[in-house]
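Q: Please take a close look at the side-chain contacts in this model, beginning with those between charged groups. A connected account that also covers their surroundings would be most useful.

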Amino acid sequence: MNKVIYIINGPNLNLLGQRQPELYGHETLRDVETKCRSVCADGFDVHLVQSNREGQIVDWIHEARQRACGIVINPAALTHTSVAILDALNTFEGPVIEVHISNVHKRESFRHHSFVSLRAEAVVAGLGLDGYEAAVRRICALVDRRE
Ligand code: DQA
C-alpha cells in the first residue's frame with residue numbers, strides 16, 4: 001500500500017489562481033496536487049485538502065496520525081495565529097514541512113512569526129508552487145531514511 005503524504009492548506013487557498021496572482025500565481029490547488037503526485041517517490045501518494053476553518057484543519061491533522069507518513073502544510077493566515085494547529089502537529093509523529101507560496105519575510109511584519117515553525121522540520125517560503133514539490137520530495141526522503 002502507498003504511503004500517503006497529507007498536503008493541508010488553510011484559509012483562502014481555495015482561491016489560488018484567482019487570488020492576488022501577483023503574489024500567488026495563476027495555478028490552482030488542483031495543479032499543486034498533480035505536480036506533487038508526479039514528484040512522489042515510488043510507493044508514495046499525496047492527499048491534498050483545503051479548509052477555511054481552523055477546526056477542520058486540526059481534525060485533518062488528527063486523521064493524519066493514523067493515515068499519513070508525513071504532512072506538508074500551508075496554514076495560510078493561521079500560520080501566524082494558531083496555537084491549536086501547532087498543538088495538533090505536535091501529536092503527529094512523522095515529518096512536517098511548512099510551505100508558503102510567497103516570501104512571508106518580505107511582507108508585513110505580522111507574517112514574520114509562525115507558530116507552526118516551532119514544529120516543522122523545514123520551512124519553504126517564496127518558491128511559489130515549487131515549494132510544495134520540494135517539500136514532498138523531502139518528506140519522501142525523510143520517511144525512507146527513517147524506515
Ligand atoms: C501564505 C502567506 C500567509 O501570510 C498568507 O496569510 C496566506 C498565504 C503563503 O502561502 O504565502 O494566505 O501562507
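A: A salt bridge is counted here where a side-chain nitrogen of Lys or Arg lies within 4 Å of a carboxyl oxygen of Asp or Glu. The model is a predicted one, and a search of the whole of it finds nine salt bridges. Three of these pairs are considered in turn, followed by a network, the ligand site, the cysteines and some individual residues.

One of the pairs is E27 with K35, whose side chains meet with an N to O distance of 3.3 Å. Both partners have some access to the surface: E27 is partly exposed at a relative accessible area of 32%, and K35 is likewise partly exposed at 25%.

A second pair joins R30 and E33, with 2.3 Å between N and O. Both residues belong to helix α2, which spans residues 29-39, and because they are three residues apart there, about one helical turn separates them. E33 is buried, as its relative accessible area is 14%.

In a third pair, the side chains of R107 and E108 form a salt bridge at 3.9 Å, N to O. That distance falls within the 4 Å limit, so the pair is counted. The surroundings of the partners can be stated for each: R107 is buried, with a relative accessible area of 18%, whereas E108 is partly exposed at 37%. Beyond individual pairs, salt bridges with shared partners link R30, E33, R37 and D45 in one network. The R30 and E33 pair described above therefore belongs to a wider arrangement that includes R37 and D45.

The ligand offers a further set of polar contacts. Its surroundings consist of R19, Y24, N74, A76, A77, H80, H100, I101, S102, V104 and R111. By class, this shell comprises five nonpolar, four polar and two charged residues. Three members of the shell place polar side-chain atoms against oxygen atoms of the ligand. In the side chain of R19, an N or O atom is 2.9 Å from a ligand oxygen. For S102, a polar side-chain atom stands 2.6 Å from an oxygen of the ligand, and for R111 the corresponding distance is 2.9 Å. The ligand taken alone would expose 320 Å², of which the protein buries 99%.

Two residues of this shell repay separate attention. A76 has a positive phi of about 55 degrees, although it is not a glycine. A76 sits in the loop that runs between β3 (70-74) and α4 (83-89), and it is buried at a relative accessible area of 13%. N74, also in the shell, is 65 residues from N9 in sequence, yet the two C-alpha atoms are 4.9 Å apart in space. N9 itself is part of strand β1, residues 3-9, and is buried with a relative accessible area of 0%.

A positive phi is also found at N12, near 75 degrees, again in a residue other than glycine. N12 is located in the loop between β1 and α1 (21-24). In accessibility N12 is partly exposed, with a value of 38%, whereas A76 is buried.

Turning from charged pairs to covalent links, the search of the whole structure finds zero disulfides. C36 takes part in none, and the nearest cysteine sulfur, in C40, is 7.4 Å away. C36 is buried, with 0% relative accessibility. The sulfur of C140 has its closest cysteine sulfur in C40, at 4.8 Å, which is too far for a bond. The cut-off applied is 2.5 Å between sulfur atoms. C140 is also buried, at 3% relative accessibility.

Finally, a side chain may contact the backbone, as S51 illustrates. S51 lies in the loop between β2 (44-50) and α3 (54-67), and its side chain reaches the backbone nitrogen of R53 at 2.9 Å. With a relative accessible area of 7%, S51 is buried.

Key:
Residues are numbered from 1 along each chain as its sequence is written. This is a predicted model: local features need pLDDT of at least 70, side-chain atom pairs count only at pLDDT 80 or more; totals for chains, interfaces and linings use all residues. Side-chain values use heavy atoms; hydrogens and water are left out. A residue is near a molecule or strand if one of its heavy atoms lies within 4 Å of it. A polar contact is a pair of N or O atoms within 3.5 Å; within protein, one must be able to donate a hydrogen and the other to accept it, and residues adjacent in sequence count only if both atoms are side-chain atoms. Accessible areas come from the Shrake-Rupley method with a 1.4 Å probe; for residues, only the protein chains shown count as cover. Ala, Val, Leu, Ile, Met, Phe, Trp, Tyr, Cys and Pro count as nonpolar, Asp, Glu, Lys and Arg as charged, and the others, Gly among them, as polar. Buried means under 20% relative accessible area, exposed over 50%, partly exposed in between (1.4 Å probe, protein chains only). Helices (H or I, at least four residues) and strands (E, at least two) are DSSP runs, numbered from the N terminus.
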